[in-house]
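Work through these exercises with the sequence and the model side by side. Try each task before reading its solution.

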Amino acid sequence: MGSVYCIPLTDSTGRFAEAGISGEGTFQFRDLSPGTYRVLAFDRPQGELEYRNAEAMDVYEGKGSVIRLLPGQTEQVRIPLIVTKE
């Protein structure tokens, strides 16, 4: 089963978060800190995702969605699934 990651952008106050993707292709984060995030969905969990390494994350530029969350805000996003090689 896949995973979705909320990765705080460099100047964001947000915190990294991960959620699983349901069989219907949905996901949900609860109590996500306010901030600006790149949201990425992968076909399988990314145990070695170097989200703190800006250079390593450059490969995901233009993939997923960038969202800005304010306190108490909810957001719905549709993001493409990134298929990885085993």
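The exercises below concern a predicted model and go from the whole chain to single residues.

**Exercise 1. Fold order**

Task: State how many helices and strands the chain has, and give their order from the N terminus.

Solution. Start with the count: the chain holds one helix and five strands. Next, read them from the N terminus: β-β-β-α-β-β. Now place some of them. Strand β1 covers residues 3–8. Strand β2 spans 17–20 and β3 spans 35–42. Helix α1 takes 54–57, and β4 takes 65–69.

**Exercise 2. Overall dimensions**

Task: Decide whether the radius of gyration agrees with that of a compact globule.

Solution. First, take the length, 86 residues. A compact globule with this number of residues would have a radius of gyration near 12 Å. The chain has 12 Å, so the two agree. Then look at the box: along the principal axes, the C-alpha atoms fill roughly 35 × 30 × 20 Å. Finally, turn to contacts with a separation of 6 or more: 57% of them join residues 24 or more positions apart.

**Exercise 3. Surface and charge**

Task: Describe the burial, the exposed area and the charged side chains of the chain.

Solution. Begin with burial: 34% of the 86 residues count as buried. Go on to the surface. About 6100 Å² is exposed, and carbon and sulfur atoms supply 46% of that area. Then count charges: 9 side chains are positive and 12 are negative. The centres of these two sets lie 4 Å apart.

**Exercise 4. Aromatic rings**

Task: Count the aromatic pairs, then classify the pair F27 and F29.

Solution. Ring centres must lie within 6.5 Å to pair. By this rule there are five aromatic pairs. For F27 and F29, the centres are 6.1 Å apart and the planes meet at 75°. Planes over 60 degrees apart count as edge-to-face. The F27 and F29 pair is therefore edge-to-face. Check the surroundings of F27: its relative accessible area is 25%, so F27 is partly exposed. Last, find the cluster: Y5, F16, F42, Y51 and Y60 form one.

**Exercise 5. A backbone angle**

Task: Find what sets the phi of D31 apart, and say whether D31 is buried or exposed.

Solution. Recall the rule: most residues other than glycine have a negative phi. D31 is not a glycine, yet its phi is positive, about 60°. Locate D31 next: the residue sits in the loop between β2 and β3. Its relative accessible area is 81%, so D31 is exposed.

**Exercise 6. Two serines in strands**

Task: For S3 and S65, give the strand, the burial and the contacts beyond four places in sequence.

Solution. Take S3 first. S3 belongs to strand β1. Its relative accessibility is 5%, so S3 is buried. Beyond four places in sequence, S3 touches E18, A19, G20, I21, L40, A41, F42, R44 and P45. Now S65, which lies in strand β4. S65 has 18% relative accessibility, so it too counts as buried, the limit being under 20%. Its contacts beyond four places are Y37, R38, V39, R78 and I79.

**Exercise 7. Three loop residues**

Task: Place I21, K63 and D11 in their loops, then grade the accessibility of each.

Solution. I21 is in the loop between β2 and β3. At 13% relative accessibility, I21 is buried. Among its contacts beyond four places are M1, S3, F42 and L81. I21 and T74 are 53 residues apart in sequence, and their C-alpha atoms are 18 Å apart.

K63 lies in the loop between α1 and β4. Its relative accessibility of 35% makes K63 partly exposed. Beyond four places, K63 touches R38, L40 and I82. L81 is 18 residues from K63 along the chain, and 9.2 Å separates their C-alpha atoms.

D11 is in the loop between β1 and β2. With 71% relative accessibility, D11 is exposed. The C-alpha atoms of D11 and G35 are separated by 8.9 Å, with their positions 24 residues apart along the chain.

Conventions:
Residues are numbered from 1 along each chain as its sequence is written. This is a predicted model: local features need pLDDT of at least 70, side-chain atom pairs count only at pLDDT 80 or more; totals for chains, interfaces and linings use all residues. Side-chain values use heavy atoms; hydrogens and water are left out. Rings of Phe, Tyr and Trp (its six-membered ring) pair if their centres lie within 6.5 Å; planes under 30 degrees apart count as stacked, over 60 as edge-to-face and the rest as tilted. Buried means under 20% relative accessible area, exposed over 50%, partly exposed in between (1.4 Å probe, protein chains only). The radius of gyration is taken over C-alpha atoms; the globule rule is 2.2 Å times the number of residues to the power 0.38. Contact means heavy atoms within 4.5 Å. Accessible areas come from the Shrake-Rupley method with a 1.4 Å probe; for residues, only the protein chains shown count as cover. Lys and Arg count as positive and Asp and Glu as negative; His and the chain ends are not counted. The place of a charge is taken as NZ of Lys, CZ of Arg, CG of Asp or CD of Glu.
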